[in-house]
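I sat down with this one for a quick look around and kept notes as I went. Here is what I looked up, in the order I got to it.

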Amino acid sequence: MGWEIVEELRGRGLATEAMRAAIADAWDRSGADHLVAYIRPENEPSLRIAEKLGFRFREDGLTRSREPMLVFELRRDPA
């Protein structure tokens with residue numbers, strides 16, 4: 001899952017609202033039991049959005065260019 005909002009429209013809840021709809025659609029259309037978000041540690045707005053959406057930290061990771069990345073997971077049926 002991913003989101004990006006142009007700077008002048010940030011802070012209005014658009015990414016959260018759009019991702020809620022995308023998550024509902026993903027659950028409806030797929031047999032997936034979880035969704036994953038990769039977020040750079042310094043991207044505080046995206047970290048807040050992931051938290052609002054119910055994503056939970058899974059593990060530290062690296063981008064293809066070997067930069068730090070945080071991996072979050074949203075389970076269909078949270079344990």
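**Notes on a ring pair, a pocket and two charged residues**

I started with F57, which is partly exposed at a relative accessible area of 46%. A reminder to myself before going on: this is a predicted model.

Next I checked F72, and its relative accessibility of 11% makes it buried, because the cut-off for that class is under 20%. F57, at 46%, falls between the 20% and 50% limits, so I logged it as partly exposed.

*Aromatic pair.* How many aromatic pairs does the structure hold? I found one. Its partners are F57 and F72, in an edge-to-face arrangement with 5.7 Å from centre to centre and 75° between the planes. The angle is over 60 degrees, and therefore the pair goes down as edge-to-face. I then asked where the two rings sit along the chain. F57 belongs to strand β2 (residues 56-62) and F72 to strand β3 (residues 68-75), so the pair links distant parts of the chain, 15 residues apart.

*Loop between the strands.* While I was there I looked at R66, which lies in the loop between β2 and β3. R66 has a relative accessible area of 62%, so it is exposed, the limit being over 50%. I also took its distance to E42: the C-alpha atoms of R66 and E42 are 15 Å apart in space, with their positions 24 residues apart in sequence.

*Largest pocket.* I moved on to the largest pocket, which holds about 510 Å³ of space. Which residues are closest to its centre? Of the 23 residues in the lining, they are W3, A15, P45, S46 and I49. The elements that give two or more residues to this lining are α1 (14-29), β1 (34-39) and α2 (44-53). Helix α2 gives the most, with five residues. Sorting the lining of the largest pocket by class, I noted eleven nonpolar, six polar and six charged residues.

*Segment before α1.* My last stop was E4, in the segment before α1. Is E4 buried or exposed? Its relative accessible area is 72%, which is over 50%, so I wrote it down as exposed. I paired E4 with D28 for a distance as well: they are 24 residues apart in sequence and 23 Å apart in space, C-alpha to C-alpha.

Note on methods: Residues numbered from 1 in each chain as written. Predicted model: local features only at pLDDT ≥ 70, side-chain atom pairs only at ≥ 80, totals over all residues. Heavy atoms only, no water. Phe/Tyr/Trp six-rings, centres within 6.5 Å; stacked < 30°, edge-to-face > 60°. Helix = DSSP H or I, 4+ residues; strand = E, 2+ residues; numbered from the N terminus. Buried < 20%, exposed > 50% of the residue type's maximum accessible area, 1.4 Å probe, protein only. 1 Å grid on protein atoms, 1.4 Å probe; cavity = no way out; pocket = protein on both sides within 12 Å on 5 of 7 lines; lining within 4 Å. Points joined across faces, edges and corners; volume = space filled by probe spheres on them. Nonpolar A, V, L, I, M, F, W, Y, C, P; charged D, E, K, R; others polar.
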